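Here's a quick briefing to read with the model open beside you. Keep the viewer handy and click along as you go.

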Amino acid sequence: MIKMPEKSRLKEFRAGMAPAIKELKFMMHRTRKSPLSILGIAMLAFYVAIALLAPILAPPLSGDPYMIPRAGYGLEPKPPSADHPFGLTEGEYDLYYGVIWGTRTAFRVGFLVVLGALAIALAIGCVSGYYGGIIDELLMRFTDIIWAFPGLILAMAVVVALGSTLDNVLIALTLVAWPGYARVIRAEILRVKAEDYVEAAKAVGCSDLRIMTKHILPNSIYPILIMASLDIGGIVLSAAALSFLGLGAPKGYADWGQMISFSRNWIMGTATEPYKYWFAYWIPGIFIFTFCLAWNLLGDAFRDIMDPTLRRR
């Protein structure tokens, strides 16, 4: 058996990687041309650093690092001090510790809900779009029924039925989020399955599973990846809304929505000092706002980069 020379192998490898390298260069070029994309990436990198360094920035004082330490049991929020840089909330929970570890909670909620919604949507969308017929009708009508309910109201109903825990919030938001992805992936599969290379795969005897996983999905999944990056911020905002209403994590858990919930009785301040307790709602509010903004900017960047109508040079 004649072995291929090492230089020939290297040359063949480079030739095979050339299209991927060209596409990567194009994506980097498009990213550099968009200041908002760079801003979104920088903001997201900031939150990733906070999440990774949370044990250093706010060392845990108990067995569960997500439970916020308390300085006492007073009802009135306390202003920032040397011991508590962001102040104390109602019930004297450390606001700095809460927003730092709340960053990990936000990433957990966003990623797990999106992954769960994508898994359900891929299963339903692939089967519906590929096989069509009565299967398509049944699955899409079921999707329409779920989609007809207001998302936040349906999530609240699920959490109330299952119990107010963070895990149940993840389940509720996942059950609410998947219909939009399912409809998009179905539409993409209907488009891709009519291509010549899919027909050729059927002609040579490839199984349905192989056709879907090797030929259809790789060419139809990009739109829902863009949707997912845009939706993570909205999912975190929905989870914060449920926590604000008392339907999220247990009391004292590091969650941005719960941080704002602690301040709802103090938003108006006092008659003489209307902004006395600004720190109680401004600080967690800024964290929620900038985190969601970072994902929206990143999603816009992905949409610009992956838009097939853009001219490649």
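**Start at Arg 191**

Arg 191 is partly exposed, with a relative accessible area of 43%. Its salt-bridge partner is Glu 188, and the two side chains come to 2.7 Å, N to O. Keep in mind that this is a predicted model.

**The Glu 188–Arg 191 pair**

- Glu 188 counts as buried, at a relative accessible area of 17%, because the cut-off for buried is under 20%.
- Glu 188 and Arg 191 sit 3 residues apart in helix 7, so about one helical turn separates them.
- In general, an α-helix has 3.6 residues a turn, so residues three or four places apart point the same way.

**Helix 7 itself**

- Helix 7 covers residues 166–192, which is 27 residues.
- From first C-alpha to last, helix 7 reaches 38 Å, close to the 39 Å expected at 1.5 Å a residue.
- There's a kink in helix 7, though: about 30° at Trp 178, shortly before the proline Pro 179.

**Other salt bridges to click on**

- Searching the whole structure turns up 8 salt bridges.
- As a general point, side chains of opposite charge can pair when their charged atoms come close.
- Asp 167 and Arg 108 make a salt bridge through their side chains, at 2.8 Å from N to O.
- Asp 167 belongs to helix 7 and Arg 108 to helix 4, so this pair ties together parts that are 59 residues apart in sequence.
- Both ends of that bridge are partly exposed: Asp 167 has a relative accessible area of 45%, and Arg 108 comes in at 33%.
- Glu 92 pairs up with Lys 78 in another salt bridge, where the closest N and O atoms are 3.0 Å apart.
- Glu 92 and Lys 78 each lie in the loop between helix 3 and helix 4 (95–131), so their pairing ties together parts that are 14 residues apart in sequence.
- Glu 92 is buried, at a relative accessible area of 11%, whereas Lys 78 is partly exposed at 33%.

**A salt-bridge network**

- Back to Glu 188 for a moment: this residue is buried, with a relative accessible area of 17%.
- Elsewhere, Glu 137, Arg 141, Asp 144 and Arg 183 are joined into one network by salt bridges that share partners.

**A greasy spot on the surface**

- Which residues make the nonpolar surface patch? They are Val 48, Leu 52, Leu 53, Ile 56 and Leu 57, and the patch comes to about 460 Å².
- Helix 2 (35–52) and helix 3 (54–57) are the elements that give two or more residues to the nonpolar patch.
- Leu 57 has its place in helix 3, and this residue is partly exposed, with a relative accessible area of 35%.

**The chain as a whole**

- The chain has 12 helices and 0 strands, so to speak an α-α-α-α-α-α-α-α-α-α-α-α pattern when you read along the sequence.
- Out of the chain's 313 residues, 41% count as buried.
- Take the contacts between residues at least 6 apart in sequence: 72% of them join residues at least 24 apart.
- About 17300 Å² of the chain is exposed, and carbon and sulfur atoms supply 68% of that area.

Technical notes. Residues are numbered from 1 along each chain as its sequence is written. This is a predicted model: local features need pLDDT of at least 70, side-chain atom pairs count only at pLDDT 80 or more; totals for chains, interfaces and linings use all residues. Side-chain values use heavy atoms; hydrogens and water are left out. Helices (H or I, at least four residues) and strands (E, at least two) are DSSP runs, numbered from the N terminus. The expected span of a helix is 1.5 Å times one less than its number of residues. The bend at a residue is the angle between axes fitted to the seven residues ending there and the seven starting there. Patches are made of residues with over 30% relative accessible area and no salt bridge: like charges are joined within 9 Å, nonpolar side chains (Val, Leu, Ile, Met, Phe, Trp, Tyr) within 5 Å. Accessible areas come from the Shrake-Rupley method with a 1.4 Å probe; for residues, only the protein chains shown count as cover. A salt bridge is a side-chain nitrogen of Lys or Arg within 4 Å of a carboxyl oxygen of Asp or Glu. Buried means under 20% relative accessible area, exposed over 50%, partly exposed in between (1.4 Å probe, protein chains only). Contact means heavy atoms within 4.5 Å.
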